[in-house]
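Thanks for coming, everyone. I have one structure to walk through today. Please have it open in your viewer.

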Amino acid sequence: PVAVVGPSDTVFRGTATATFFEGGWFQASNGKTSCSGRHAPSPEVKQVTFPVRCTNGLTGIGTATFENPRAGGGEILMRDGTRWRFIVGQNALLV
C-alpha cells in the first residue's frame, strides 16, 4: 500500500510495487485525482528520485528512501511549489 498526503492534508491512497528488474511504480487516488510515478531498478540504492504525474495536470519530482524493499517514504516536490509526503508499506494503512 501507499498513502500520499497533499495540500490541505488531502490523502491519496493506492498501491506501490517494486521488482528487481523493472524498478518501482505507484498509483494513488483521492477519488477525484489520480497520481502515479515510476523509478528505475536500483537494487543497491536506498534512495531514488522519480517523476510524478497527476490527472489534474500537476507534475513533480519524488524522492523516496527505502527502509527495505517493502517499506519507505519520502517527499514529492510539485511544480507548483507544494510539498507532498508519502509512505510506502504497512505504515501507509495508518494514515
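I'll start with the overall fold, then go through the strands, one glycine, the disulfide and the salt bridge.

First, a caution. This is a predicted model. Every number you hear was computed from that model's coordinates.

So, the overall picture. The protein chain has eight strands and zero helices. Going along the sequence, the pattern reads β-β-β-β-β-β-β-β. The radius of gyration is 12 Å, and the globule rule gives 12 Å for 95 residues, so the chain is as compact as a globular protein of that length. Its C-alpha trace spans about 35 × 25 × 15 Å along the principal axes. Of the 95 residues, 34% are buried. Now contacts, counting those between residues at least 6 apart in sequence. Of these, 23% join residues at least 24 apart.

How are the strands arranged? They form a closed barrel of eight strands, in the order β1-β2-β3-β4-β5-β6-β7-β8, with antiparallel pairing. On average, neighbouring strands of this sheet are turned by 25° against each other, ignoring direction.

Let's go through some of the pairs. Strand β3 covers residues 23-29, and strand β4 covers residues 34-39. The two are antiparallel, with six bridges. Find Trp-25 on your screen. Opposite Trp-25, in β4, stands Arg-38.

Next, β5 and β6. Strand β5 is residues 47-54 and strand β6 is residues 59-68. Seven bridges join this antiparallel pair. One example is Gln-47, whose bridge partner in β6 is Thr-65. The hairpin of β5 and β6 has four residues between the strands. Which residue there takes a positive phi? It is Gly-57, near 100°.

Stay on β6, and look across to strand β7, residues 71-78. These two are also antiparallel, over eight bridges. Thr-65 comes up again here: its bridge partner in β7 is Gly-73. So from Thr-65 you can step to Gln-47 or to Gly-73.

Now the glycine. Gly-14 belongs to strand β2, residues 11-19. Is Gly-14 buried or exposed? Neither: with a relative accessible area of 22%, Gly-14 is partly exposed. The cut-off for buried is under 20%. Set aside neighbours within four places in sequence, and Gly-14 is in contact with Pro-1, Val-2, Gln-27 and Ala-28. Val-4 is ten residues away from Gly-14 along the chain, and their C-alpha atoms are separated by 8.5 Å.

On to the disulfide. A search of the whole structure finds one. Its partners are Cys-35 and Cys-54, with sulfur atoms 2.0 Å apart. Cys-35 sits in strand β4 and Cys-54 in strand β5, 19 residues apart, so the pair links distant parts of the chain. What is its handedness? The torsion about the S-S bond is about 105°, so the disulfide is right-handed. Both Cys-35 and Cys-54 are buried.

Last, charges. The count comes to one salt bridge. Arg-83 and Glu-75 meet through their side chains, at 2.7 Å from N to O. How accessible are the two partners? Arg-83 has 53% relative accessibility and counts as exposed, because the cut-off is over 50%. Glu-75 is partly exposed, at 32%.

To recap: a closed barrel of eight strands, one disulfide and one salt bridge. Thanks, and over to you for discussion.

Notes. Residues are numbered from 1 along each chain as its sequence is written. This is a predicted model: local features need pLDDT of at least 70, side-chain atom pairs count only at pLDDT 80 or more; totals for chains, interfaces and linings use all residues. Side-chain values use heavy atoms; hydrogens and water are left out. Two strands pair if DSSP finds at least two bridges between them. Axes are lines fitted to C-alpha atoms, for helices over the stretch in contact, and angles run from 0 to 180 degrees between N-to-C directions. Buried means under 20% relative accessible area, exposed over 50%, partly exposed in between (1.4 Å probe, protein chains only). Contact means heavy atoms within 4.5 Å. A disulfide is a pair of cysteine sulfur atoms within 2.5 Å. A salt bridge is a side-chain nitrogen of Lys or Arg within 4 Å of a carboxyl oxygen of Asp or Glu. The radius of gyration is taken over C-alpha atoms; the globule rule is 2.2 Å times the number of residues to the power 0.38.
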